[in-house]
Every structure is written in C-alpha cells, then in structure tokens.
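Ready for some practice with a structure you have not met before? Take a look at the chains first, then try each exercise before reading its solution.

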Number of protein chains: 2
Amino acid sequence: MASSGEEWSPDTLAFMDLAIQQAKLALDSLEVPVGCVILEDGKVIAAGRNRTTETRNATRHAEMEAIDVLLDQWQKNGLSQSEIAEKFSKCCLYVTCEPCIMCAAALSILGIKEVYYGCANEKFGGCGSILSLHLSDSKMLNSGDVLGRKGFKCTGGVMASEAVSLFRSFYEQGNPNGI
Amino acid sequence: MASSGEEWSPDTLAFMDLAIQQAKLALDSLEVPVGCVILEDGKVIAAGRNRTTETRNATRHAEMEAIDVLLDQWQKNGLSQSEIAEKFSKCCLYVTCEPCIMCAAALSILGIKEVYYGCANEKFGGCGSILSLHLSDSKMLNSGDVLGRKGFKCTGGVMASEAVSLFRSFYEQGNPNGI
C-alpha cells in the first residue's frame, strides 16, 4: 500500500474524485457513503454506490453494485465467460474505502487487474487491514482450479481524508437507519 | 467443526440431501456441482446451485443464488431492513461444500444463524479451511458498526463423500467449460 503523503497522479485523483461523487450520492440517500468506479483502458465503464438500505440487502456494497452493472452489460452483449474474464483482467477499480473481505474476495475471484482505495476499513478490510486477499497465493493460482482466485495490485490512501470526512458526515446526521 | 464419523440426525441428512440434489442439477448443467438450501423454522424456504457458467458471472455461487432468492422475496413482501435482518438471524443454510471466503463473509454480514456444509474447500474456504469467518470477533460485534458482521454456528463434514463424488464426476467429464 502507498505510504501517506505520496503524491498521486492527476488521473488517479480524478478517478478517485468520481468515486467520491458516488459516495456523496450514497450519503444524500442516507446510505453509508461508499462509492466506486471501474475503468477499462483508462475510461470509466461503470459506477456504483452502497445501496444496502435502499435494497434492504446488507451485501449490496458499492463494488458489488458496479460489478453487476458490468456483468449485466457484458452478458447482454453476448460475451462468453472467457471474454468476460479477459475484460475483467484489464479493469481497474477506484473505491473510497478499502474493499471488505466479501468484496475483496469477489474481485479476486473475478480477476480484476488493479484496485485503488481511499481510507482503510479497519473492521473488515480485505486488502491489507484484516486480510490481504489482493496478494496472490501460488497455492491458489492453479489456472485449472475452478475455485481459484487471482491476486491484484492494490494501492490505498488515495484521498483518504475526503472518504473519512464523508463517513463522519454520515455519523453526524445520526445514522438514521439505525444500523 | 464436526469430527469425521459423527452421526448426523435424520433431519440434518435430509436437508443436506436436498442440497446434494441441487448440486446434481448443477452437474447436469455442466456447472461446478455445488448446491444449497436455506431453512427457516425447520422448513426449506430457498434453494440455490452454482450458476457461474450460465450467468458468466464467477461470483454466482450456490449460496449467493439462494440468498438473492430470499432477499427478492422478502423485499417484494415489503419487509424492512431490520425485519430482514431478524429473519436471517433465524435461518440455517445447508451447502454441499464449505462456503468460500466471499460467501462466508456475505453470510456473516447478513447474520445467518447456522451453516452445515459437506466437504471442505481447501483452496478458498471461509469457515475453517483458510479463514474462520464464522467465528465471532468481539472487535467486530459492535452492533452500532455499519460495517459489522456476526459469527455463526458452523458444522462441516455432513455427507462429505457424496459432495466429493459430485466434484469427481465433474472433473471426470473433462471440465467442459475449460475453467
């Protein structure tokens, strides 16, 4: 993970800013404010925000929302399983908070190329805080393994203070969902 | 987890047999053969089978399929977020193979009461093999924590040989999906 004080490229900041905008939309909807975007070849191809309250489904984290947008689109376009895997392997995800263990495992199963995140998820983070699911594991990299997963490059701390500020706003409004 | 040779109750065997039937349906569809059922008050209220090939979505494991069946139903019935959480906390899931890290994390986030599984998932299992996400963690049990998760009771080894036999059949047919 990146050290604090690292200078980020303008592109990195711009993409994380788009993720922050998604998190703000979540906050406006009284959701825990986490947002993300997914890029392919340097272009944003999907966005997602936490929708656990709206959907009444505690697993609808921002990453799962954005992943499903992409998969729906690619399935409708008639892409095969291997074509979808190939496309995911070129994708990059920006998310305002470190992916939780569930989301990090999903990204690992899908074989995403790279993840940038904002603040750490010290309770349930799967990319360094509690587990390091982004690290490849030679035991798990057997391509013939149907339950396999891949590692992915992961960089944390991008605009972390902005992400934390949104969480603070959420809690200051009294956590209206009572969750 | 259960020791090998443990005697299971007739109900436990009957419910796992239903999960095995789901796994067989998956095998018939050239999917990795994993199946599950979810119970509430001793009655089966949802079933799921691995559909990663059909959906071209590598995260559509049996548990995620069954969970989404339930959530769709409960949302349509107008249940609130807290009512859904309350219902999940009384549910029990039977699955032919140990939930992977992603699925175990999802079940933990949703707060399921209990899980029974067949064979271990030695590559990516989240209920004892690689991680123990079913164990409660006092650090994570703060009910005011929006990223929180809960532990759940978990018992492995129920009809494990039947589950393994299905995997063997899948591989013997030449892993037709090439994954």
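The exercises below go through a predicted model, one topic at a time.

**Exercise 1. Getting your bearings**

Work out how many helices and strands chain A has, and in which pattern they follow along the sequence.

*Solution.* Start with the count: chain A has 6 helices and 5 strands. Next, walk along the sequence and you read α-β-β-α-α-α-β-α-β-β-α. Now add burial: of the 179 residues in chain A, 54% are buried. Last, look at contacts with a separation of 6 or more in chain A: 57% of them come from residues 24 or more positions apart.

**Exercise 2. Two aromatic pairs**

Find the geometry of the ring pair Phe15(A) and Tyr94(A), then say which parts of chain A it ties together.

*Solution.* A pair of rings is described by the distance of the centres and the angle of the planes. Over all chains, the structure holds 8 aromatic pairs. For Phe15(A) and Tyr94(A), the ring centres are 5.4 Å apart and the planes meet at 55°, so this pair is tilted. Then place the two residues: Phe15(A) sits in helix 1 (residues 10-28) and Tyr94(A) in strand 3 (residues 91-97) of chain A, so the pair ties together parts that are 79 residues apart in sequence. Both Phe15(A) and Tyr94(A) are buried. There's a third ring to add, too: ring pairs link Phe15(A), Tyr94(A) and Tyr116(A) into a cluster.

Now do the same for Trp74(A) and Phe88(A): what kind of pair do they form?

*Solution.* The centres are 5.2 Å apart and the angle between the planes is 85°, and the pair is edge-to-face. Trp74(A) belongs to helix 3 (residues 62-76) and Phe88(A) to helix 4 (residues 81-88) of chain A, so here the parts tied together are 14 residues apart in sequence. As for burial, Trp74(A) has 2% relative accessibility and counts as buried, and Phe88(A) is buried with a relative accessible area of 1%.

**Exercise 3. Empty space inside**

How much space lies in the largest cavity, and which residues line it?

*Solution.* Rolling a probe the size of a water molecule over the atoms shows where empty space is left. Counting cavities of 30 Å³ or more gives 1. The largest cavity holds about 120 Å³ of space. From chain A, the lining takes in Thr59(A), Arg60(A), Met64(A), Asp68(A) and Ala106(A). From chain B come Asn57(B), Thr59(B), Arg60(B), Met64(B), Ile67(B), Asp68(B) and Ala106(B). Sorted by class, you get 5 nonpolar, 3 polar and 4 charged residues. Helix 3 of chain A and helix 3 (62-76) of chain B each supply at least two lining residues, and helix 3 of chain B gives the most, with 3 residues.

**Exercise 4. Cysteines and disulfides**

Explain why Cys36(A) and Cys103(B) are not in disulfides.

*Solution.* A disulfide is a covalent bond between the sulfur atoms of two cysteines. The test here asks for sulfur atoms within 2.5 Å. Take Cys36(A): its closest cysteine sulfur belongs to Cys103(A), 8.6 Å away, which is too far for a bond. Then take Cys103(B): the closest cysteine sulfur, in Cys100(B), is 3.9 Å away, again too far for a bond. Over all chains, the count comes to 0 disulfides. Both cysteines are tucked away from the surface measure used here: Cys36(A) is buried at 0% relative accessibility, and Cys103(B) is buried with a relative accessible area of 0%.

**Exercise 5. Three loop residues**

Asp41(A) and Met159(A) have a positive phi; where do they lie, and are they buried or exposed?

*Solution.* Most residues other than glycine have a negative phi. Asp41(A), with phi near 50°, is a residue other than glycine with a positive value. Asp41(A) is in the loop between strand 1 (35-40) and strand 2 (43-49) of chain A, and it is exposed, with a relative accessible area of 66%. Met159(A) has a phi of about 55° and lies in the loop between strand 5 and helix 6 (160-172) of chain A. Unlike Asp41(A), which is exposed, Met159(A) is buried at 14%.

Finally, place Ser136(A) and say how far Ser136(A) is from Ala120(A).

*Solution.* Ser136(A) is in the loop between strand 4 (114-119) and strand 5 (153-155) of chain A. With 49% relative accessibility, Ser136(A) counts as partly exposed. Ser136(A) and Ala120(A) are 16 residues apart in sequence and 20 Å apart in space, C-alpha to C-alpha.

Terms used
Residues are numbered from 1 along each chain as its sequence is written. Chains are lettered from A and ligands numbered from 1 in the order in which they are written. This is a predicted model: local features need pLDDT of at least 70, side-chain atom pairs count only at pLDDT 80 or more; totals for chains, interfaces and linings use all residues. Side-chain values use heavy atoms; hydrogens and water are left out. Rings of Phe, Tyr and Trp (its six-membered ring) pair if their centres lie within 6.5 Å; planes under 30 degrees apart count as stacked, over 60 as edge-to-face and the rest as tilted. Helices (H or I, at least four residues) and strands (E, at least two) are DSSP runs, numbered from the N terminus. Buried means under 20% relative accessible area, exposed over 50%, partly exposed in between (1.4 Å probe, protein chains only). On a 1 Å grid over the protein atoms alone, a cavity is a set of points where a 1.4 Å probe fits but cannot get out, and a pocket is an open set with protein on both sides within 12 Å along at least five of seven lines; lining residues have an atom within 4 Å of a point. Grid points are joined across faces, edges and corners, and a volume is the space filled by probe spheres set on the points. Ala, Val, Leu, Ile, Met, Phe, Trp, Tyr, Cys and Pro count as nonpolar, Asp, Glu, Lys and Arg as charged, and the others, Gly among them, as polar. Contact means heavy atoms within 4.5 Å.
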